[in-house]
Amino acid sequence: MAAPPERALREAAALGASRAAVAAVGGPASLGERERALLGASLRSLVRARPASEWRSCFLEAPPGLALSVLLEALAAPGPAVPEVVAVLEQFLQEGRLPALLWELCREQAGTPGLQETLLTQVVCLPDRVSNKLQGKNPPVFFPQNYFPLLGGAIIHVLQKISDSLRGGLDCSISFVSHVLGKVCLHGRQKEILSALVPRLTDLTKSDCIWQRICWRLVECVPDRCMEAVVLGFVQRAHGADVLSRLLGNLVVKNKKAQFVVTQKMLLLQYGHATEVLQNLLGYLALDSLRRALLIKVLKDLLETWGSSSAVKHSPPEQQRYISQAILICLSHLREHEIESCRQELLTSMMEGVKCHLDSNLPQIRRLGMIVAESISLKINTDGPVLKFQYEEDDEARELKSLLVQTPPSSVVPSRPDEDRNAKADAAVPVVLESNKKSHTAAPVKPDEESDAELDSDDDLIPYDMSEDKELKTKAPVYIRDCIEVLTGSEDVDKWEATVKALESLVRKNPAATREVSVELAKILLHLEEKTCIEGFVELRQRAQIAVLTTDPIPVAKYLTSQFYSLNYSLRQRVDILDVLVLAAQELSYPKSHGKTKHSGAQKPCIQLLPGSDSSKDWRRVVDERIKSKTRRFATGQSQVERASGPNEFNSVAGHFFFPLIQHFDRPLTTFDLLGEDHFVLGRLVHALAILMYLAVNTVAVTAMGKALLEFVWALRFHSDSYVRQGLLSCVSSVLLSVPAECLLEDTTEELLETQSWLGDVVEKDPDGDCRRLALQNLQLMENLKKKLKTVSS
């Protein structure tokens, strides 16, 4: 249907006026305010009229900045023209008007600052504006993953024009492009735009100094508020420190914000970056003489944090590993004269830091301290003795040590094939010469077998045949009192070894005789020291102690718990007491099997607390097993194996194990201070109490134990050591799992409310991830208890 004559005339007039205005300004040239206003008015009338002829071409011929502004105004206005405006915008992008817009603003006197800021916002936020208007149903070109690489390609196109202009002696401003890059990165789109920019800039700056200057200027002109996002994006995506050095130049020396981001924020305030990012960052600082001063400063700051006892206590293990990695990479870049100039500072930092780490309760932290201290010692004592610790050499330790060795730059200029062959030949010459020297001065070398035969033939001594000999074995004592005699006074080493190996079995076979001397035997075993290099001595002694304690629980438990807080015991002995009490309680709490079991594969859960183990991990496994056992599952198939049934022997003695340990913890002794420097033993005590509480389920004293344990937890809830806090949260878990819900609400209502408030604070504020996880688990357990009680009452 044809348009009315009046409307057709208006459309034709608008189209003619727009074409005349575009022709008058000569295309995408700089406009004055008057010309810009007239052309803008013509384009707006053209959008409103939308004549049937080629009105879209006017927007593709007009100055791109003005065309984009008018189209976005029309997009924001209500009306049925939205699909047509979006189609013009899509054509605007596809026909390369975005590079023209950027180039228009890079030339001299390209509009007022207000106009540039408006166009900057429009270019960066174009996908958001289209998506908001179309409610997410926008064409693919406006998807962020498509639009921002397109914008990155436009930036490369404009930089190429700037490069050509500079080579031709013309000046250009790169400021607008830098602002675009900064704002895109600030909006969180570093990945999309830099995926297009960084590979092209890496290639273009390889051997072109003008391109290097353009790239340096590009990042230097980024506004300070956007500098962090831009620098972080480049560091994460540059393939190697040498590439990063070409792209950023000496930005960290010229720009204070970039220097803060590189030397402080990314190293000391953040810890989620990959090892390759750290190597890029610190390698970048090491590649230029002006930046090496910052590398030394960074190393000193890292060592100060690494050697801070407060940082070791309150920062998570992941951050401490990150700082350790950064220190090792810094050390790999140090030169001999730099090490000499700060040798004393490195030595002081090493001594302070290794002490803080070895004082930690967490094995991971202690090992980090050992590895870093060994590495520093290796660097500063090249000629003398170096530190050497004993720890497990696993993949993590090997990975950390590998950081001390620098990896070669990824983009070394390749040599020509003939040069490469000559270099290999030169390298091989000394080997050939050396071998020739040896061939003139030494006799021909015979095979190993012949030389061994010669040696054997010269030997006149014939070995004595001992294949039929048998080792003489010393008989172990058969009475408990004989064992006491051997362990306390015998000088016969073989007899002492035999007694230690046989003691556990002898105690279990003679319970009546053991009860007569149980406390005396427990005392001997507690103070027993290794006389010979007997294999598994610590385990043998511990199993004998457990056997004595389970045979006569009450008097032996009273003795051991009283000795825990006594004078003149080593920390190792106090930890031994805790381990023996826990393992004996575990043995007493599980029913003993009578005769053969129905299924040999059914094993009771065990809690392993041998020296060097991390009881917090064992506790988590125990709690997970308990929660799993309380979860109902409906399934078909083979029925579960019936466990052996029998009386819980821990029921009548739980209080003797538990209550003496929970008393006197806040009374410092002359040689023992749980709340002070002996926090390692405090952590083991807290975990031991948690496990004893767990094992006391269904016992008579469980409610009283739970109330006392919650009060104990409340007194220590703000302890600075994360291992202790983990144990306290484990105590709360054991109370919630072991004490009946009705008793909890009747007898410990106030304590539960206080604990719930504290758990909420831990979830939100505790720096340790394991503490936050345990606190959240406890809150879930509390919620489950509430639901259970509501179900029962209804």
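How many salt bridges does the structure hold? The structure holds 29 salt bridges, and several of them appear in the close-ups below. Please keep in mind throughout that this is a predicted model.

**Figure 1. An overview of the protein, with 41 helices and zero strands.** Before we zoom in, here is the whole chain. Of its 794 residues, 48% count as buried. The accessible surface comes to about 41,500 Å², and carbon and sulfur atoms account for 54% of that area. Among contacts between residues at least 6 apart in sequence, 75% join residues at least 24 apart. Several of the views that follow show pairs of this long-range kind, so it helps to have the helix numbering at hand.

**Figure 2. The largest nonpolar core, with 136 residues.** Which residues have the most contacts inside this core? They are L89, L151, I193, L201 and F234. Helix 9, spanning residues 144-167, gives the most to the core, contributing nine residues. A closer look at L151 shows contacts with L98, L102, V123, V180, V184 and I193, once its neighbours within four places in sequence are left aside. I193 therefore appears twice in this view, as a contact of L151 and as one of the residues with the most contacts inside the core. Elsewhere, a second, separate core holds 95 residues, including L581, L583, C731 and V732.

**Figure 3. T263 and its surroundings in helix 16.** Here we look at T263, which sits in the helix formed by residues 256-269. Is T263 buried or exposed? Its relative accessibility is 4%, so T263 counts as buried. A polar atom of the T263 side chain lies 2.6 Å from the backbone oxygen of Q259. Beyond its neighbours within four places in sequence, T263 is in contact with L294 and V298.

**Figure 4. A salt bridge between E228 and K265.** Staying with helix 16, we now turn to K265. The side chains of E228 and K265 meet with an N to O distance of 2.9 Å. This pair links distant parts of the chain: E228 belongs to helix 13 (residues 224-237) and K265 to helix 16, with their positions 37 residues apart in sequence. K265 counts as partly exposed because its relative accessibility is 24%. As a reminder, side chains of opposite charge can pair when their charged atoms come close.

**Figure 5. A salt bridge between D576 and R541, two buried residues.** The closest N and O atoms of this pair are 3.1 Å apart. Distant parts of the chain are linked here too, with D576 in helix 33 (residues 571-589) and R541 in helix 31 (residues 537-551), 35 residues apart. Why do both partners count as buried? D576 has a relative accessibility of 7% and R541 one of 12%, and buried means under 20%.

**Figure 6. A salt bridge between K707 and E751.** In this view the two side chains meet at 2.9 Å, N to O. K707 lies in helix 37 (residues 702-716) and E751 in helix 40 (residues 749-765), so the pair ties together parts that are 44 residues apart in sequence. K707 is partly exposed, with a relative accessible area of 29%, whereas E751 is buried, at 14%. In another part of the structure, salt bridges that share partners join R321, R367, D394, E396 and E399 into one network.

**Figure 7. S505 in helix 28, shown with A547.** Helix 28 covers residues 493-509 and includes S505. With a relative accessible area of 37%, S505 is partly exposed. S505 and A547 are 42 residues apart in sequence, and their C-alpha atoms are 8.3 Å apart in space.

**Figure 8. Two asparagines with positive phi, N568 and N698.** Most residues other than glycine have a negative phi, which makes these two loops worth a look. Phi of N568 is near 65 degrees, and that of N698 is about 70 degrees. Where do these residues lie? N568 is in the loop between helix 32 (553-564) and helix 33, while N698 is in the loop between helix 36 (679-695) and helix 37. N568 is exposed, with a relative accessible area of 65%, and N698 is exposed as well, at 70%.

Terms used. Residues numbered from 1 in each chain as written. Predicted model: local features only at pLDDT ≥ 70, side-chain atom pairs only at ≥ 80, totals over all residues. Heavy atoms only, no water. Helix = DSSP H or I, 4+ residues; strand = E, 2+ residues; numbered from the N terminus. Buried < 20%, exposed > 50% of the residue type's maximum accessible area, 1.4 Å probe, protein only. Polar contact = N/O pair within 3.5 Å; in protein donor to acceptor, adjacent residues only side chain to side chain. Contact = heavy atoms within 4.5 Å. Core = buried A, V, L, I, M, F, W, Y, C linked by side-chain atoms within 4.5 Å. Salt bridge = Lys/Arg side-chain N within 4 Å of Asp/Glu carboxyl O. Areas by Shrake-Rupley, 256 points an atom, 1.4 Å probe, with all protein chains shown as cover.
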